[in-house]
Amino acid sequence: MGAVTWSVIDALARSADLHAPQVETMPRERLAALQLDRLRATVRHVMENVPLHRARLHAAAVRAEDLRSLDDVRRLPFTTKADLRDHYPFGLFALPIESLARIHASSGTTGKPTVVGYSAGDLSTWADLMARTLHCAGARRGDIIHNAYGYGLFTGGLGTHYGAERLGAVVVPVSGGSTERQIALITDFKPRVLCATPSYALAIAELAEQQGVDLTKSSLRVGLFGAEPWSEAMRAEIEARLGVRAIDNYGLSEVMGPGVAVECEQQDGLHGWEDHFLFEVIDPETGVPLPEGEAGELVITTLTKQALPMLRYRTRDITRLTTAPCACGRSHLRLLRVAGRSDDMLIIRGVNLYPSQIEAVLVGRPGLAPHYQLVVERAGHLDEVTIEVEAAPGVAADAHAALARDVRHHVKSLVGISAAVRVLAPGEVPRSQGKAVRVRDLRPKGV
Ligand code: DLL
C-alpha cells in the first residue's frame, strides 16, 4: 500500500471517536462518585469473602458504609506482594476456584510465582479495558495487530489478544521469540500495530536491519510498548527504527495485567482507567499518601474485580499523578512514565539509581548501540556498578576506550554516580524476547 493511502487511513483513525466516549470523558466529580460506589462494593465483597482482608478491616475498624469520600481510602489496609505469596496459590481469591475462568502467574526472581485469577466477568472487563487501551494508543477496528508479547502465564500475550479481538481488530498471536519469523510475518501480513516489550521491539528492528529489511517502510504505524521501564531516549530510537508512534502502556498482573494505563496521542503521561481502578501515590518509607504531582510509590485499589479484588495494592512502581486536563479530552488522570520499581533501585555510594536513568544517557549517544546491562558488585562495604554497553555496528575496537570515557563522564555529570564502563562489540549484550534483564547483580546473597 502506498504512503498516501496510509496517511489517509491514519488521518481517519485520528479523527475517529473515542472507544468509550461517555466513560473516557466523564466529568471528574461523576467519576469520583462512581469510584466511591464501587469502592464500597469492593470492601463489602472482600469483607464477605477474603479472610485476610476481613481480619485487617476488623482490626482497622472500617466498614464499607464508613467510607464517605474517596479520601477515606486511606483508612483501608495495604496489600503487598508478600500477602499474595503468603497465601499462595489461591488464598486471596474472593470466589471459589471452580467458578473462575482463568489463572495467570508472574514468576518472581525468587520463590513461588504470584498467582492471579479471573472470573468470566473479570475477563470480559479486561478485554473491554484492553480494547479501550489499544484504541487510545491509536489502534482501530479492522487493524491487523501483531502481538509479540509472550503467550502463557504472563498476562501480556493473552491480555492484549482478547483486547484486540474485542476492539474488532485482526490479531496475529505470534508471541515472543523467533525474531526472523516475526520480521517475515510483519512483511507479509502488513500489520498496522505492533505490541511488544520495548526491548524486544528493538531486537526485532535490529535483526530486520541486519537482514536488509527496512521496517520504517513497512505497514507498521502504531506500537504499544510496556511491561518494563523504558526511557524517552528509547522511545526516540524505536520510533526512528520502526517508523511507528511508540505508545507506553502500563499494567501489572496483581491488578489485572496490561490495560491499566496507557498514553494517548499526546504522549504526555498515561491515562489510568479510573472507572475500574483507584490510584494513589504514597511515600514508600512511611506509607503516607503524597499530594498530586509528587513522586512516590503507586498504590492501586481495584474497583470492579470479582475473583481477586485488591485493596491498596503496593505496586512498588515509582511515578507521579496528575489530574490536569489533557488535550485529548479524556478526563482520567495521568501517571507519569514509570521510571522503575523501588526494588530495582540501586544505591551506589549513597546515590539512588534506576537503570532507566543510565538508559537515558546511553541510548542515542553517537557510537553506541541501545543495548546495555548494569553489573552490580560489592567492593568492601560499598556497591559498585559497571555499565556494559555495546558499540554501534561498524565502530572500530580501538575507539571503545574513548567511548567508555565519554559515557563515564556523562553518567557522572547527568546521573551523579561514578561507574566503570565497558564498551562491548555488537551482539555481546544478551537480547530479550520479553522483559529485558537490565541488572546483573553479583553481590553476595542475603547481605
Ligand atoms: O508486565 C503487564 C503488562 C503486559 C503491561 C504488557 C504492559 C504490557 P507483570 O509481569 O505482572 O505484568 O509486571 C508488572 O512490570 O509492576 C512494572 O514494574 C513493570 N511495568 C509494566 N508496564 C510498565 C511500563 C505486566 N509501561 C510490572 N513502564 C509492573 C514501566 C512497567 N514499567
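# Reading a two-domain model

Mentor: Let's start with the layout. The domain assignment splits this protein into domain 1 (1-341) and domain 2 (346-441). Keep in mind that what you see is a predicted model.

Trainee: Okay, how far apart are the C-alpha centres of domain 1 and domain 2?

Mentor: Those centres lie 29 Å apart. As for the contact, domain 1 puts in 22 residues and domain 2 puts in 15 residues.

Trainee: And how much area do domain 1 and domain 2 bury between them?

Mentor: About 1500 Å², with 54% of it on carbon and sulfur atoms.

Trainee: What about charges? How many salt bridges cross the interface of domain 1 and domain 2?

Mentor: To spot one, look for a side-chain nitrogen of Lys or Arg within 4 Å of a carboxyl oxygen of Asp or Glu. Across this interface there is one salt bridge. Find Glu206 and Arg431: their side chains meet in a salt bridge at 2.6 Å, N to O. The interface also has eight residue pairs in polar contact.

Trainee: Which elements supply the side of domain 1 that touches domain 2?

Mentor: α9 (198-210), α10 (232-242) and β15 (340-341) each supply at least two residues of that side. The most comes from α9, with five residues. Sort the residues on that side of domain 1 by type and you get 10 nonpolar, seven polar and five charged.

Trainee: You mentioned β15. Which strands form the open sheet with it, and in what order?

Mentor: Follow the strands from one edge to the other: four of them make an open sheet, ordered β10-β11-β12-β15, and the pairing is antiparallel. β10 (277-282) and β15 stand at the edges with a single partner strand each, so one side of each has no neighbour in the sheet.

Trainee: How many bridges join β12 to β15?

Mentor: Two bridges join them, and β12 covers residues 313-319. You can locate one pairing by eye: Asp317 has Arg341, in β15, as its bridge partner.

Trainee: Back to salt bridges. How many turn up in the whole structure?

Mentor: A search of the whole structure gives 32. One to look at is between the side chains of Arg166 and Asp128, again 2.6 Å from N to O. Arg166 sits in helix α7 (residues 155-167) and Asp128 in helix α6 (residues 120-137), so this pair ties together parts that are 38 residues apart in sequence.

Trainee: Can I read anything from the backbone angles?

Mentor: Sure, try omega and phi. A cis peptide bond joins Tyr88 and Pro89, with omega at about -5°. Pro89 lies in the loop between α5 (81-86) and β1 (102-106).

Trainee: And which residue has a positive phi although it is not a glycine?

Mentor: Lys190, with a phi of about 55°. Look for Lys190 in the loop between α8 (179-189) and β5 (193-196).

Definitions and conventions
Residues are numbered from 1 along each chain as its sequence is written. This is a predicted model: local features need pLDDT of at least 70, side-chain atom pairs count only at pLDDT 80 or more; totals for chains, interfaces and linings use all residues. Side-chain values use heavy atoms; hydrogens and water are left out. Domain bounds come from an automatic or database domain assignment. Contact means heavy atoms within 4.5 Å. Buried area is the accessible area (1.4 Å probe) that two parts lose on being put together, summed over both. A polar contact is a pair of N or O atoms within 3.5 Å; within protein, one must be able to donate a hydrogen and the other to accept it, and residues adjacent in sequence count only if both atoms are side-chain atoms. Helices (H or I, at least four residues) and strands (E, at least two) are DSSP runs, numbered from the N terminus. Ala, Val, Leu, Ile, Met, Phe, Trp, Tyr, Cys and Pro count as nonpolar, Asp, Glu, Lys and Arg as charged, and the others, Gly among them, as polar. Two strands pair if DSSP finds at least two bridges between them.
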